[in-house]
Amino acid sequence: MGIGDRHQKKDVEAALKRAEAAGLKVTHDKNRHNWGLVLCCPCNDYVRISCTPRNTGDEAKKIDAFIKEHRACA
Ligand SMILES: [Zn+2]
């Protein structure tokens with residue numbers, strides 16, 4: 001991700017960094033309601049990331065759960 005692609009919530013940004021470190025693809029879609037996606041390319045599965053999650057801890061946990069599930073794929 002380049003500069004300007006950071007998530008405004010630190011908890012979520014940290015989880016996105018962990019996803020990238022695990023080999024998952026993080027895409028930032030500026031044109032939609034969602035902030036973007038975390039993608040697992042080998043199995044085409046993904047999780048949506050909200051721009052304004054109600055609970056940033058839960059959003060981060062959701063990403064971490066996805067990482068745990070897919071880190072073996074990448
Ligand atoms: Zn996977």
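The legends below describe close-up views of a predicted model. Local features are given where pLDDT is at least 70 and side-chain atom pairs where it is 80 or more, while totals for chains, interfaces and linings use all residues. Residues are numbered from 1 along each chain as its sequence is written.

**View A. Helix H1 and its buried face.** Helix H1 (residues 10-21) has twelve residues that at 1.5 Å a residue should span 16 Å, in agreement with the 16 Å between its end C-alpha atoms; the expected span is 1.5 Å times one less than the number of residues, and helices (H or I, at least four residues) and strands (E, at least two) are DSSP runs numbered from the N terminus. Val-12, Ala-15, Leu-16 and Ala-19 are buried (20 or more other C-beta atoms within 10 Å of the residue's own, against 12 or fewer for exposed, with C-beta atoms placed from the backbone). Seen down the axis of H1, these buried residues fall within an arc of 105°, taken from the directions from the helix axis to the C-beta atoms, and so line one face of the helix. Lys-10 and Ala-21, on the other side of H1, are exposed.

**View B. The open sheet.** Three strands are arranged in the order E1-E2-E3 with antiparallel pairing, where two strands pair if DSSP finds at least two bridges between them. E1 and E3 each have a single partner strand, so one side of each is left without a neighbour in the sheet.

**View C. The pairing of E1 with E2.** Four bridges join these antiparallel strands, and His-28 stands opposite Gly-36 in E2.
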